[in-house]
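Hi,

Here is the structure I promised to pass on. Have a look at it first, and then read my notes underneath.

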Amino acid sequence: MTGPRSVMPPLVGRDDDLDRLVSVVSASPAVVAVEGEAGIGKTRLVTELMAHPLLAGRRVLVGACRQIREPFPLGPLVEAVRGLGEALAGVELSPVAGALRPLLPELTGMLPPRPEPVADRATRRHQVFRGLVEVLGAVGPAILVIEDLHWADEQSVEFLDYLVSVPPSGLSIVLTMRGEEAAPRVRAVTVRLPETVRRAWIALAPLDPPATGTMAAAMLGIDRVSEEFAVHLCQRASGLPLAIQELVALLHARGTLIRHDGGWARRVLSDLDVPAGIRDPVRERVSRLGSAAKAVVEAAAVLQTPFPESLLLSVARLSTADATDGLTEGLASGLLADYRPTTVGFRHVLAAQAVYGGITGPRQRELHARAAEALRELRPMPAGQVAHHLRRAGRLTEWVAAAEIAADQAVALGDDAEAVRLLAEVLRHAPLDTARQGHIAVKLGRAALESLRQDPEVIDLLTAALEHDQPAAVRGELRFALAILYDAFERHDLQRELFAEALADLADRPELKAWAMVGLGIPRSLGVPAAEHQMWLHRALQILPEVANPVVEVFLLGKVAMVLAPMGDPQWRPVTDRIVRCTGGTPRHPREVNAYHSVALDACRAGHHAVAARLLDRAREGAATAQNELLELRIQIALALLDYCQGRWGGLGERVEPLIEAAKSSRNHLDGEVVAGCLALANGDLDRAESRLTRLVRQLERHYAFDVLAIPVAASARLAVARGDLDQFLAGLDRFIALTESSGVWASAVRALPSVLQALVAAGWVDQARLFLIRFARQLRGLDVPLAPAALHHARGFLDAAERRWPAGGRHFLAAAERYESLLCPYEAAQAREQAAMCLFEVGDPRAEEVLRTAMTTFDGLGARWDLERAASIARQWGMSLPARHRGGPRGYGSALSPREREVADLAATGRTNREIAAELFLSPKTVDKHLSAALRKLGLRTRTALARYLRDAVDG
């Protein structure tokens, strides 16, 4: 009896899935996720995709994630592109591609020189990411396939996140994964894609009985099998194509299939009680092998991933003749396959697992020990795999040493997440004495801090290490690491306790001691006096000269200054000057850039606009030099806040929304939300403003973001006054006061003072308003608060107006306006002038009209429609004549294109996408679409192609 006619059965039951996959992939850029359980046929579907005639001519790059992996970052990506030497010959790559030289020695001759080395890991990683994108975009239309993404290392997931956000135009990406085993972050890779990227999520379902019968018949070289057999086979295999393939091969080998009425059927149903799935069929096939082949197959199952024949045979420990025979028979059986010349492994990981499960415990341990010994001889030694095999061999002391070596390699390569995984496994499962446990735990804490991932399990392991009698230095560093890690979980009480306890044990670590003091100086909760925060910050300043690392010194100086500035502590200025001196006025390292950004942001909130502008300008240059997109994003958001505070509102609303979206995964978006919410109010979108501001204030209070809170609180107060709905605002006012007093951020909180006074007097709480003003003014004495004179005059004006002291109120409001203008705060100046005009009208002062007109001109120039309409209402109330005002819609352009419409049309005609146009003009894609639609409508056109032809003809004509 001949066997099934093909090791690779035909693709059955996947026509719709394949058509959809081809359709999406053929229209690059595209991202497709193919999900399904093990054995469902993900790889087979992708194999058919690569052979599809519609994709002929596209380069296919394939990489696979491994369950047993090395501390080698981006392994599947390196595997995918390492063979591109010929494709890159003669291609001119940008200098950033030179960052790939250490990862891809095979391509050294095709890559530019390596860029100047940088110390910061995040920057090095970003350079590598950009280099990979550059190479993927340079090889023409291509399909990148990453298999088994559920096993991906942290950096590969991070890179794919980066890649799918800006995929090269000619690249389609196909990701396969077992959905039930994929972590949320892995699944999230395909969630938020640019609008220009086609996408699909294909979930493969098990085959039904008819499809199962079709597949079995094709394997057996006949037209059909009986319906009874198809149903039975489908049930036993759970509809998994791999299981169907194994079962048919097994049944045929047993001789339990017979011809019946032109088809095939089982002889007797009760004669064959095959368990569902793959395990038993695979093990029975192994049992039919000769002893040499069985030894080879078992060695391959222990190694799990494909390896050179020589290593596989070393683990099997066969004579030369037996090795050749065993390897030949193993390949002929269909269980093993050649992957590359002299590299052998299982066709499917499930089959390897099935064979492995059938090996007895002692035999497993013996084979793992052999594998570890053989792998130790390789250069470079794959320490991660050696550690895996030593652990499975039961040689736990050696495992700990190998795992530590692997973790050190991972850290050296910047793969801190892999180091966390390796060290956490050791702490969980290895029998360690106290000293060794402390040593490993310290390394785990350092890797966890560098990886920027706060895992509760890591916290538990570090806490467990602290329960033993560790040396002071170990105890101090573990407490310090725990304190930093607890920040993500907002356990600020415990964090503070750990920082304080760590100080006594960090005498020989000035950088950590200063850092812990800074941690104690950052206001993060109620109940700790502001004076105590300041005390710790000033103590940190005394220790910082002992810090040997200048980058860490600047980083910590930045944290000190960013807290002192909103407190109004005059020391923030010399600390900032010290940062500038230490960096020569040019931040280069990302931590230095972060210091400039942090200080600038809090300086802006506290009203030091000119200083903020200078620092942000330098920070932007530093972030661009470091090629750090996250820092650039944060700086752009800070610049948006500065532009809002200084009244540079042109296009600001359209610019800030994409920034908020890009920063959603962190707290960096909060200042962008402040800008968006306040602009919504100024534009008169009151419902949207109320919703956004209410949500934002709650979020800021929950995160104890004291220094950010004042601007949205001020806007909320003005909205509550306008709507006469003061109860809810006043009910939450005590919370704002308590947060301000606890944190001492009076310099930034002063922004809310005038609006809070306005709300209090509008509610009839004049006495409370007076007491609040006195209390606030007392706190501001002796502090560096540039906004204080303007805000105090502004607030006193509301108090005078409430008590009908119109001349005094007018003087205070006008004084506030002048001081606001000197600080480049035009919006606040216009609000103060509006109030001044109302007081002046009450006493018949002839200056009233001019003052109100000035305010209205400012509101109009800013685009503050809500304020302009309110001021116009006041003008009409007092009989002022007003020019006709623009009330929205096209400003007199008629059928002609507006300047913005023409700008968008010109860019669209060059082939740019809405997303690209949006980035170039600092608009949102929706706004670009609106302008483009208007342009097409006015010109009577329907497509971009027609638009390009029209504009070209207009130029030629």
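Below are my notes on the sheets, the helix packing, an aromatic pair and a few backbone details. Please keep in mind that this is a predicted model, and that the values here are computed from it.

**The five-stranded sheet**

Let's start with the parallel one. Five strands make up an open sheet in the order β2-β3-β4-β1-β5, and their pairing is parallel. At the edges sit β2 (59-64) and β5 (198-203), each of which pairs on one side only. From one strand to the next, the twist averages 15 degrees. If you want to check the register at the β2 edge, β2 and strand β3 (residues 142-147) run parallel and are joined by six bridges. Within that pairing, Leu61 stands opposite Leu144 in β3.

There is also a helix on this sheet. Helix α1 (residues 15-25) lies across β1 (30-35), β3, β4 (171-177) and β5, and it runs at about 160 degrees to β5. Follow the chain into the loop between α1 and β1 and you get to Pro29. What kind of peptide bond joins Ser28 and Pro29? It is cis, with omega at about 0 degrees.

**The three-stranded sheet**

Another open sheet has three strands in the order β8-β10-β9, this time with antiparallel pairing. Its edge strands are β8 (307-308) and β9 (336-340), each pairing on one side only. Four bridges link β9 with strand β10 (residues 343-346) in the antiparallel sense. Here Asp338 is the residue that stands opposite Val344 in β10.

As a reminder for reading both sheets, strands of a sheet pair through backbone hydrogen bonds, either parallel or antiparallel.

**Two helix pairs**

Two packed helices are described by the angle between their axes and the distance between the axes, and I've done that for two pairs.

Take helix α22 (residues 472-486) and helix α24 (residues 510-521) to begin with. Their axes come within 11 Å and cross at roughly 40 degrees. That angle makes α22 oblique to α24. The crossing of α22 past α24 is left-handed. On the α22 side the contact has Glu477, Phe480 and Ile484, and these meet Leu512, Trp515 and Ala516 in α24. By type, the residues of this contact of α22 with α24 are five nonpolar, no polar and one charged.

Next come helix α40 (residues 806-822) and α41, whose axes come within 8 Å and cross at roughly 160 degrees. α40 is therefore roughly antiparallel to α41. This crossing, with α40 passing α41, is left-handed too. The contact has a long list of residues: from α40 they include Trp806, Gly809, Gly810, Phe813 and Tyr820, and from α41 they include Ala829, Ala832, Arg833, Ala836 and Cys839. Sorted by type, the residues of the contact of α40 with α41 come out as eleven nonpolar, three polar and four charged.

**An aromatic pair on α41**

How many aromatic pairs does the structure hold? The count is 13. One of them is Trp649 with Tyr827, an edge-to-face pair at 4.8 Å centre to centre and 65 degrees between the planes. Trp649 lies in the loop between α30 (629-645) and α31 (652-662) while Tyr827 is in helix α41 (residues 826-842), so the pair ties together parts that are 178 residues apart in sequence.

**Backbone details and one lysine**

- Besides the bond before Pro29, the peptide bond from Arg379 to Pro380 is cis, with omega near 0 degrees. You'll find Pro380 in the loop between α16 (361-376) and α17 (383-392).
- Arg317 has a phi near 55 degrees, which is a positive value in a residue other than glycine. Its place is the loop between α13 (309-316) and α14 (320-332).
- Lys443 belongs to helix α20 (residues 434-451). Which residues is Lys443 in contact with, leaving aside its neighbours within four places in sequence? They are Glu404, Asp408 and Leu423. As for Lys443 and Ala714, they are 271 residues apart in sequence and 46 Å apart in space, C-alpha to C-alpha.

That's everything from my side for now.

Cheers

Notes: Residues are numbered from 1 along each chain as its sequence is written. This is a predicted model: local features need pLDDT of at least 70, side-chain atom pairs count only at pLDDT 80 or more; totals for chains, interfaces and linings use all residues. Side-chain values use heavy atoms; hydrogens and water are left out. Two strands pair if DSSP finds at least two bridges between them. Helices (H or I, at least four residues) and strands (E, at least two) are DSSP runs, numbered from the N terminus. Axes are lines fitted to C-alpha atoms, for helices over the stretch in contact, and angles run from 0 to 180 degrees between N-to-C directions. Angles under 35 degrees count as roughly parallel, over 145 as roughly antiparallel, 65 to 115 as roughly perpendicular and the rest as oblique. A crossing is left-handed if the near helix is turned anticlockwise from the far one by less than a right angle, and right-handed if clockwise. Contact means heavy atoms within 4.5 Å. Ala, Val, Leu, Ile, Met, Phe, Trp, Tyr, Cys and Pro count as nonpolar, Asp, Glu, Lys and Arg as charged, and the others, Gly among them, as polar. Rings of Phe, Tyr and Trp (its six-membered ring) pair if their centres lie within 6.5 Å; planes under 30 degrees apart count as stacked, over 60 as edge-to-face and the rest as tilted.
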